[in-house]
Amino acid sequence: MRTSLVLGLDVGGTSTRAVLASIDGKRVGTGRAGGGNPTTHGPAAAGHLKAALGEALTGVEPAAVRAGTIGLAGGARLGADPDARTAFDRVWRDAGLRCEYAVVSDALAAYAAGTPAPDGTVLIAGTGAIAAEICDLAVARVADGHGWLLGDAGSGFWLGREAVRRTLADLDAGREPAPLSRLVLRQLLGAAAPAEPSSRAMVESVVQAVTRRPPVELAALSNLVMRAYAAGDAGAREIVDEAARLLSASIARIRPADAVTPVVLGGGLLTTDTPLARAVSREIDRRWPAAPRRLARNAAAGAAWLAARGLPEVTDPLALHHKLLPTDEIASGTDVPAGAGPRRP
């Protein structure tokens, strides 16, 4: 008898990841491609989805896939833009998949990757940033996630923009560039960055280097902030501390001060050992000392688990979560499963 499979995807601004799993919790395939957020990548988003799907389905009969869930940053646009949804539908069919797929917020997929508890809070900081209150494994309320132009406070984009702003301030004032500013100049201008930058022409070169690129590419500079922080740069420390404050403030807008449900951290800036991850963790421990804190290292697997919960043969979603998302992918600490919540058709 052929084992039923489920497919989960985590589609973000930087990358698209896919996990194909059996309903007994075994990973069958994985795939990865470029960013698939239709808001930031437009028509290219569907192509990246196709690449990730193709890699995950290698050597597998697509008809064995019974359910799929796509955790998508920018999901609202997919619902509002018929062309974007049609492109995603076409990619799904062309991959040989005949089951339906659900589109959920990337916040819900990340939350499910960190805990099976039905209620809690998730904070994501990667290219963008969003906090969400989860009730009965559904998004109840959201804070931020407004995109690079209007929000995403504390995100990779925000960090990169602040790094460039400080660099420009150094140049405008004729100050010796700080270590962070030197890293930014080297990244943006390469060999064109002189040893002693000070002229107005240098300011214009920096501005042009940034404005010629898509705004989202500023997120790539966030790693420079982390490097400068580790080297003791005072400006980088101020940026990181402010980012942590802004991110914890996003949580506070939707989470009661006395809440004891889990807080799940997702996104590359919070699931690896970065200065920002440590600063945010301290803020959460200070504000919600009784709350279990978990990491969502594989949101695509979380999406696969969400897909599996709707299948009638999955009678123990909690046990499946433990198999599909082993402890090495979830931060240590006490979870509050309270069961896995009701299955959804």
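# Exercises on a predicted model

In this predicted model, D152 sits in the loop between β8 and α6. Let's start there.

## Exercise 1: Two aspartates in loops

Work out what is unusual about the backbone of D152 and D136, and decide whether each is buried, partly exposed or exposed.

**Solution.**
- Step 1: Start with the general expectation: most residues other than glycine have a negative phi.
- Step 2: Read the angle of D152. Its phi is near 60 degrees, a positive value in a residue other than glycine.
- Step 3: Do likewise for D136, in the loop between β7 (129-135) and β8 (138-144). Here phi is about 55 degrees, again positive although D136 is not a glycine.
- Step 4: Turn to accessibility. Buried means under 20% relative accessible area, so D152, at 8%, counts as buried. D136 has a value of 32% and is therefore partly exposed.

## Exercise 2: The core around V164

Find the residues at the centre of the largest nonpolar core, then trace the contacts of V164.

**Solution.**
- Step 1: The largest nonpolar core holds 51 residues, and the members touching the most others are L159, V164, L180, L188, L276 and V280.
- Step 2: Ask which helix gives this core its largest share. That is α10 (residues 234-254), with nine residues.
- Step 3: A separate, second core has 35 residues, among them A107, I134, L137 and L320.
- Step 4: Set aside sequence neighbours within four places, and V164 contacts V184, L188, V206, V210, L218 and L221.
- Step 5: Put this in context: in soluble globular proteins, nonpolar side chains tend to be buried together.

## Exercise 3: A cavity and its lining

Count the cavities of 30 Å³ or more, and describe the lining of the largest.

**Solution.**
- Step 1: The count comes to one cavity of 30 Å³ or more, and the largest cavity has a volume of about 50 Å³.
- Step 2: Its lining consists of L188, V210, R213, P214, E217, L218 and L221.
- Step 3: Sort these residues by type: five are nonpolar, none is polar and two are charged.
- Step 4: Compare with the previous exercise. L188, V210, L218 and L221 line the cavity, and these residues are also contacts of V164.

## Exercise 4: Helices α11 and α12

Check the length of α11 against expectation, and establish which residues of α11 and α12 are buried.

**Solution.**
- Step 1: Helix α11 (residues 275-287) has 13 residues and spans 19 Å from first to last C-alpha, close to the 18 Å expected at 1.5 Å a residue.
- Step 2: Its buried residues are P275, L276, A277, A279, V280, S281, E283 and I284.
- Step 3: Their cover includes β6 (120-125), α6 (156-173), α9 (222-230), α10, β9 (263-266) and β10 (293-296).
- Step 4: Now take α12 (residues 299-309): eleven of its eleven residues are buried, so this helix is largely enclosed by the rest of the structure. Among them are W305, L306 and R309.

## Exercise 5: A304 and its distant partners

Determine where A304 lies and what it touches beyond its sequence neighbours.

**Solution.**
- Step 1: A304 belongs to helix α12 and is buried, with a relative accessible area of 0%.
- Step 2: Leaving out residues up to four places away in sequence, A304 touches V6, L7, G8, V19 and L324.
- Step 3: For a link across the sequence, look at L20: 284 residues from A304 along the chain, yet the two C-alpha atoms are separated by 7.2 Å.
- Step 4: Zoom out to the chain. Of contacts with a separation of 6 or more, 68% join residues 24 or more positions apart.

How values were computed
Residues are numbered from 1 along each chain as its sequence is written. This is a predicted model: local features need pLDDT of at least 70, side-chain atom pairs count only at pLDDT 80 or more; totals for chains, interfaces and linings use all residues. Side-chain values use heavy atoms; hydrogens and water are left out. On a 1 Å grid over the protein atoms alone, a cavity is a set of points where a 1.4 Å probe fits but cannot get out, and a pocket is an open set with protein on both sides within 12 Å along at least five of seven lines; lining residues have an atom within 4 Å of a point. Grid points are joined across faces, edges and corners, and a volume is the space filled by probe spheres set on the points. Ala, Val, Leu, Ile, Met, Phe, Trp, Tyr, Cys and Pro count as nonpolar, Asp, Glu, Lys and Arg as charged, and the others, Gly among them, as polar. A nonpolar core is a set of buried Ala, Val, Leu, Ile, Met, Phe, Trp, Tyr and Cys residues joined through side-chain atoms within 4.5 Å. Buried means under 20% relative accessible area, exposed over 50%, partly exposed in between (1.4 Å probe, protein chains only). Helices (H or I, at least four residues) and strands (E, at least two) are DSSP runs, numbered from the N terminus. Contact means heavy atoms within 4.5 Å. The expected span of a helix is 1.5 Å times one less than its number of residues.
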